[in-house]
Amino acid sequence: MAVQTNTRVLLNKVRGILQFIQKRHRVKTKWAATSPKLSATDLALQNHDVMYNMQLGELWPSVRVGLLTEQKYGALVNNFSCDDTVMYLQSLGCQDFIASSLHMEGSKAADSVIPPYSESLQFDQPIEGTYTDLTRASISPNVKCFVFPKGDISRFKPARPDSCGYLSYYLMDAASVLPVLALNVQKGQSVLDLCAAPGGKTLALLQTQAIRFLWANDWSGSRMSRLQRTLKSCLPSELCSEDNLCITSLDGRKWQEVGENGTFDKVLVDVPCTTDRHSLVEEDNNIFSRSRTKEKQSLPLCQTQLLLSALQAVRVGGEVMYSTCTLSQLQNQCVVEQAMSLAKEELGISAEVVDLQPFTALFQDTFYFAPDMNVGVMVLPHLTANFGPIYFCKLRRLS
Ligand SMILES: C[S@@+](CC[C@H](N)C(=O)[O-])C[C@H]1O[C@@H](n2cnc3c(N)ncnc32)[C@H](O)[C@@H]1O
């Protein structure tokens with residue numbers, strides 16, 4: 001009996017010691033400490049895979065490959081350069097995608113008879129011809145952007161100063177020129193570029209040589225310095241006088257405090273976004289890094305506030321171009337719809353979405369446009385024409 005009791009006590013002791021040892025050496029799943037840390041670019045890809053698989057369905061795999069492959073650039077010709085830039089770019093085998101789309105005879109673009117209220121009305125043009133003719137006629141002939149042919153992945157050399165000291169071209173995503181073209185700046189108009197830095201679209205706006213007064217603003221002082229350097233390296237100083245150019249570094253969400261409301265003919269609002277291509281390749285300053293989670297989550301609110309400012313800044317009858325470089329519906333269509341409804345409810349400003357189909361029809365040989373977009377248009381990246389993503393939507397202020 002005593003032996004049995006001793007054995008039981010001993011067994012219990014051994015069990016206790018084993019449990020103690022097991023506890024000490026147990027492998028706990030401590031996610032925060034032991035799971036491999038995902039980089040910001042990994043997190044961006046995870047996000048894109050979940051969100052855009054849902055949003056784009058069977059288009060997503062090819063867009064994904066495009067996004068992960070080197071982007072294609074366009075060379076925006078600087079009209080103020082002394083060199084024959086057009087001849088040089090043509091000698092490389094490039095084509096000005098704007099001129100070639102505008103001169104296209106028997107365009108593939110779907111011509112339709114213009115409805116009673118078209119873009120042409122604001123330019124005092126006679127209501128004749130087709131939507132496509134009028135759209136073509138309203139696009140600035142001064143903006144020239146050269147690209148290598150579809151499927152050709154050659155790259156441009158960085159631009160060098162010409163004999164007058166100006167850069168002969170500026171490299172940018174060729175699709176970024178589209179929102180500027182679609183804004184249709186006409187001779188003598190005043191334009192506000194609310195989020196302007198580092199300045200590619202500002203430069204494209206100035207190449208129209210139609211603007212009477214341009215106000216370029218960006219909240220970031222350092223990025224604004226980059227914009228100023230770009231303008232200085234491309235434009236004659238008389239073009240940058242106080243009479244025709246104003247440069248500020250203000251929070252665009254508080255534009256109404258500036259007191260310039262209802263004054264501009266055109267407003268471009270190229271908002272901060274998740275920069276879907278950049279966030280897949282660049283760790284530095286990546287919006288998907290864990291330290292910027294809150295900022296990322298608040299983007300749609302910031303974008304809505306910026307678009308509301310733009311709608312306040314533009315005159316009745318004037319137009320606002322909202323643009324981003326993300327595929328995200330939450331930052332694109334949802335922001336536009338939300339801003340339009342808030343503008344009406346809170347500010348008494350009504351606006352309509354301008355149909356950009358006749359415009360995009362002109363450029364369908366150069367870019368892949370997303371099908372079935374209800375609000376705005378989107379350039380999708382594709383291996384054979386790896387531009388974008390660029391979303392843009394034009395709003396006309398009605399009251
Ligand atoms: C997509 S980038 C603009 C790119 C520019 N339009 C171009 O073509 O070079 C967005 C810009 O918005 C600016 N931004 C962010 N928040 C802003 C705010 N509250 N007001 C004004 N600008 C803001 C950022 O500094 C950034 O330069």
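UniProt annotations may be inferred rather than shown by experiment, and it is with this reservation that the unreviewed UniProt entry is cited here as listing Cys-325 for "active site". In the predicted model examined here, Cys-325 is found in the loop that lies between strand 9 (314–324) and helix 14 (333–347). Cys-325 has a relative accessible area of 27%, and because the partly exposed class lies between 20% and 50%, this residue is classed as partly exposed. When its neighbours within four places in sequence are left aside, Cys-325 is in contact with Cys-273, Thr-275, Asp-276, Pro-389 and Ile-390.

Strand 9, which precedes the loop holding Cys-325, is joined to strand 8 by 6 bridges, the two strands running parallel, and within this pairing Val-269 stands opposite Tyr-322 of strand 9. Strand 8 (residues 264–270) has 7 of its 7 residues buried and is therefore largely enclosed by the rest of the structure. Strand 8 is also joined by 3 bridges to strand 5 (residues 189–193), again in a parallel arrangement, with Asp-193 placed opposite Leu-268 of strand 8.

An open sheet of 4 strands, with antiparallel pairing, shows the order 2-3-1-4. Strand 2 (95–96) and strand 4 (169–172) stand at its edges, and since each has a single partner strand, one side of each is left without a neighbour in the sheet. Strand 2 pairs with strand 3 (residues 145–147) in the antiparallel sense over 2 bridges, and Phe-146 of strand 3 is the bridge partner of Asp-96. Helix 9 (residues 200–207) lies across strand 1 (74–77) and strand 4, and runs at about 45 degrees to strand 1.

Terms used:
Residues numbered from 1 in each chain as written. Predicted model: local features only at pLDDT ≥ 70, side-chain atom pairs only at ≥ 80, totals over all residues. Heavy atoms only, no water. Buried < 20%, exposed > 50% of the residue type's maximum accessible area, 1.4 Å probe, protein only. Contact = heavy atoms within 4.5 Å. Pairing = 2+ DSSP bridges. Axes fitted to C-alpha atoms, helices over the stretch in contact; angles between N-to-C directions.
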